[in-house]
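These are my notebook entries on a structure that I went through element by element. I set down what I looked up, in the order in which I looked.

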Amino acid sequence: MSGAPLLECRGLAADYGGPPALEGVDFAVAPGERIGVLGPNGGGKSTLFRVISGELRPAAGTVRLSGRCAVLPQSDRSRLDYPVSALDVALMGAIGRLPWWRRPGRAERRAARQALDVVGLGDSAGRTFGELSGGQRQRVLIARALVQDASLVLLDEPFAGLDSPSAERLMGLLDDLAGSGHGLLISTHDVEQVAAWDRVLCVNRSQIAFGPPASTLTVPVLEATYGNEIVTLPDDGTGARRGLLPAVHHHDDDHDHGHDH
Amino acid sequence: MLQTFQLAFVQRGIAEVLLLSVGAGLLGTWIVLRGLAFFSHAVGTAAFPGLVLADGLGFSAALGAFGTAIVFAVVVRALAGPHTDYDSLTAVVLAGFLAVGVILASDVFRSGASIETLLFGSLLVIGSGDLALAALAAGLVVATGLVLGPRWLAHGFDPAGSRAIGLRSPLPDLVLLALIALTTIAALAAIGALLAAALIVVPAATVRLWTRRMPAWQAGSVLLAAVEGVAGIWASVETNAPPGATIAVISGAVFAAALIARRVALPLRGRALAAGAGAALLVAVASGCGGGSGGSAPLDAVATTTQLGDLVRNVGGDRVDVHQILQPNTDPHDYEPRPDDVVATADADVAFTSGDGLDAWMGEVVSQSGGSPAVVDVGASVPVTLPGEDEGEEASRFDPHWWHDPRNAEAAVATIRNALTAADPPGAAAYSANAAAYLAEVRALDRGIAACMATVPADARMLVTDHDAFSYFTERYGITVVGAIIPSQTTQAQPSAGDIARLTDLIEAEGVTAIFPESSLSPKLAEAIARDTGATADYSLYGDTLGPGDSAGATYLGMERANADAMVRGFTGGARGCTIAGIP
C-alpha cells in the first residue's frame, strides 16, 4: 500500500439529468489494493464505475487516474452472440494504444496470447467467446484488461452467476493481479468475500463508509448501506454473526457450461 | 438460357451488381452486428429533400442524394448518446427530413414530376456514372474496413466500455454511418431506395446464421450478395420482372430457407437443405420463363405511352409489332423499365416517344439497350402547343398532354405514318390507307365533342380536376378551368390547407357542380372537397393514361369520348352525356 494512488476521487457526484444518483464519494486506490464495492441494486455502484471509466461526466468533484483503467462489464446477452473468439476479445485491448490507421499486428497478437496464458485460457484462444463458461468469459475480459496495460481494473459483479469452483479460480486470479501491483475495484453482494480484501467502499446513493473491512463492516454501516435488507444470522454460541440477505440478483446466465478446469 | 448474359444491358447490370455487392456485403455485416438495419433503410429514403434541391437548383441528383445522406448520418450520430437506440432516433430524424422534402417540393420549388423517380432505380439502365459510384463505394468500404474494422468490432462488443478501452473518438462510428449512406446511394441507382436492403442487409443477415467469425461472415456476405444479385438479374430477364424486386424476392427466400434450415435441421444436414432450397427456388424461377416473342410482322416498333401505342397500332395494322412500354393506369412518373422493354427496344426499327419531358427516360432505355432504332418524338411535331407550367431545370417547354386536342392527334398520326413508311417502304400504301381511315374517326371525334359541348351553356362549362392535365381539351372546347387540387404538376406535392380553402371558396362562388378526379390517381382529396362544397366527384377523367382493356377509355378515341361524356354529365347535373356516332 505504498506509492502514489492509482485513482483518487474527491467530492464526486453524478446524475442522469435528474436527482443525484451518487454524491459525496471520496476515496483513493493504491497499487496492489483490492477494494470491494458494496451497495444495493440502484445504489450507485455502476454509476460510480461509469464516472471512473469516463463514460459519464461527473456532476461535481474530480476523478484523478494515474494510469489506464479497464472495465469488466456485467455479462450481457448481446455479447454472447458476438462473432469473436477469445483471442479477438483479448486483442481489443490493444486497439486504444494504436494510432487510428494501424490494425493490431503480430506484436499485439503475441501480447494477447500471453495474456490468455496468464488467465489460464491459452488453449481456448480460438474458441467463440459466447461458447465459453461464465467464469472463462470473465477471465477473457481480464486478459483484455492485461493487453490494455491497465493499472486499475473495475469489475462489475464478476462473481454473479458463477459456480464456486469458477468463483475460486477467478478470486485467485484477482489476488495475482493485485500481487503484481494492479488496483482492483470489485462490486459485489458478498460481504464475506469483501472481508478478505484490503478495503471496502459502501455506497447507497452517497458514500456510507470507506476503510479496512475489519473496522468498516459494522452492523450500522451495513444497515445504512442495505437498509432493511440486512438480516442477522445466529451463529452457534459465539454471538451474533453478521449475515446478509442481499437483493436477489438475477443474471439470466444460461450459458454456463459447467465449471472451469 | 446463357445467352441472356450476352445482352449488353445485362452485362452492365451484372457489373453494377458485382461492384455493389462488395460494399454491400462488407457493410451488411457491420449493419447487422451494430443494429443499423433501419438506419441503412432510412438513409436512402431521407435523400428525398436532396433530390428536390438538386432538381430545383440544378446540380447532379447523385450529389444531392449523397449530400443529404451524409447530413442525415451526421445528425443521427450527433444526437446519439452511448446508450441511444439508433432505431427510434433514425425514425425521428427521417420524419424531419421527409417533411423538409415535401415542403421544398410543394411550396419552394414547385418541383417537376420527375423527382420521385430518382428514388427508384433499375439495373437495366446502368450508366457509367452509376458504375463509377458503385466502384467508389466498394473501394472506400474495403479500405476503410481494413483500417477501422477492429475499432468497429471492439466498440460494438462493449459500447459502454469503449471509452475505457481507449476508443474515445466518435469518428470511426461516424465514418461507418457515412459509408452506409454512400453505399445506399450507390444502390439507389440500381435497385432503388425501398429495396436496397435486399442487397445490403439481407445477405449479411442470412450468412450470419451460419458463421461464427467476422472474416468468414464478411466473405460469405459478399459472395451471397453477388450470387443473389446476378441470379436476380438473370431471373428477371427470363421472367420479365423488375430486377430490383426479383433480387429482393430471391434474397428474402434464401434467408427464409437458411433460417428454417438453422432452426430445424442438424447443422450439417441443414446446410445441404438450405443449398437445396436455394437451388429449388432458382429452378422454380427459371422454369417460369416464357418463350421469346418471335413476331412475324415486317416492322418492330416501340411506343412509350398508352395513347401513343394505340395510335401506332391503328396506323401500323398487321405490318407492325408494337411493344407498348407503359401499361394502362400506370403513372408515367412511376415507371421502372422491365427487361422486355429493353430487349424490345434493342430489336426495334422505330421507337415513338411522346416528348416534352413526359417520357424522358426513354432516351436512357434506347442508349442502354445497345440497339439503334429510329427515335421519333411525336410531340415535337404537333401544331397546337401550350406552355409548360413546371419551373426549374426539368421544366418542359410545352405542356406534354398534347393528345387531348384531337387536331394534335391528327398531326401525330401523320408523323407516325411517315416514320413507318420511311422504315418500311413496301408498306407505304397500307400505312396510308390505315392512317386515312383512322384520321376520319379522329375528325369525327373532334366534331362530336364540339357538338356535345355546344349543348352546355358556356358559363356552366367549369372544370376542377386533380392536376392540370386537360388544358388542351379545355382550350379546344371552350371550357373554363376554375382550379386544380394539386397546385404543382408533380403528384408528389401536397396542397396546403390554405390552397384547399381558397379552392373551396372558389368552387362555391362560381357555382361549380362537379369535380373531376383523374382515373389513375386517388380520388380521396377530390371527394373530400366535393363533400364540403356539395359538388359531385362521381365523374372521373382519363388524363395521363388510357384505361384497362374493358373500360370506356381503353383506346384513344374512347378516352376522349369518355372524358367529354363525363364533363357533359358533370356540367348538366347528370341530365345528359355525350354520344358520338361511330365511336364506342
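Entry 1. I began with the contacts of B:Arg407 in this predicted model. Leaving out residues up to four places away in sequence, I found that B:Arg407 touches B:Pro383, B:Val384 and B:Asp446. I then looked up the separation from B:Asp446: the two residues are 39 apart along the chain, and their C-alpha atoms are separated by 7.7 Å. B:Arg407 itself sits in helix H16 of chain B. Is B:Arg407 buried or exposed? I counted 16 other C-beta atoms within 10 Å, so B:Arg407 is partly exposed, since burial requires 20 or more and exposure 12 or fewer.

Entry 2. I next turned to the domains of chain B. The domain assignment gives domain 1 as 2-287, domain 2 as 299-447 and domain 3 as 448-571. Between domain 2 and domain 3 of chain B, I recorded 29 residues of the former in contact with 27 residues of the latter. On the domain 2 side, at least two residues each are supplied by helix H13 (306-316), helix H16 (406-423) and helix H17 (428-454) of chain B. H17(B) gives the most to that side, with five residues. By class, I noted 12 nonpolar, eight polar and nine charged residues on the side of domain 2 of chain B that touches domain 3 of chain B.

Entry 3. I followed H17(B) to its packing against helix H21 (residues 556-571) of chain B. Their axes come within 10 Å and cross at roughly 0°. H17(B) is therefore roughly parallel to H21(B), as angles under 35 degrees count as such. From H17(B), the contact is made by B:Glu441, B:Leu445, B:Ile449 and B:Cys452, and from H21(B) by B:Leu557, B:Glu560, B:Arg561, B:Ala564 and B:Val568. I sorted the residues of this contact into six nonpolar, no polar and three charged.

Entry 4. I then examined where the chains meet. The contact takes 23 residues from chain A and 21 residues from chain B. On the chain A side, strand E5 (69-72) and helix H3 (86-95) are the elements that give two or more residues. Which of the elements has the largest share? I found that H3(A) does, with four residues. The side of chain A that touches chain B divides into 12 nonpolar, seven polar and four charged residues.

Entry 5. I looked up the largest nonpolar core, which has 254 residues; A:Ala90, B:Ala181 and B:Phe352 touch the most other members. Helix H7 (residues 171-191) of chain B gives the most to this core, with 14 residues. For A:Ala90, I set aside neighbours within four places in sequence and listed its contacts as A:Ala112, A:Ala115, A:Leu116, A:Val140, A:Ala143, A:Arg144 and A:Val147.

Entry 6. I closed with chain A. I counted nine helices and 11 strands there, and 45% of its 261 residues count as buried. Two residues drew a separate note on backbone angles. A:Asp149 has a positive phi of about 60° although it is not a glycine, and A:Glu157 has one of about 50°, also without being a glycine. A:Asp149 lies in the loop between helix H5 (134-147) and strand E6 (152-156) of chain A, whereas A:Glu157 lies in the loop between E6 and helix H6 (164-179) of chain A. A:Asp149 has 15 other C-beta atoms within 10 Å and is therefore partly exposed. A:Glu157 has 21 C-beta neighbours inside 10 Å, so A:Glu157 counts as buried.

How values were computed:
Residues numbered from 1 in each chain as written. Chains lettered and ligands numbered in written order. Predicted model: local features only at pLDDT ≥ 70, side-chain atom pairs only at ≥ 80, totals over all residues. Domains from an automatic or database assignment. Contact = placed C-beta atoms within 7 Å. Nonpolar A, V, L, I, M, F, W, Y, C, P; charged D, E, K, R; others polar. Axes fitted to C-alpha atoms, helices over the stretch in contact; angles between N-to-C directions. Parallel < 35°, antiparallel > 145°, perpendicular 65-115°, else oblique. Core = buried A, V, L, I, M, F, W, Y, C linked by C-beta atoms within 7 Å.
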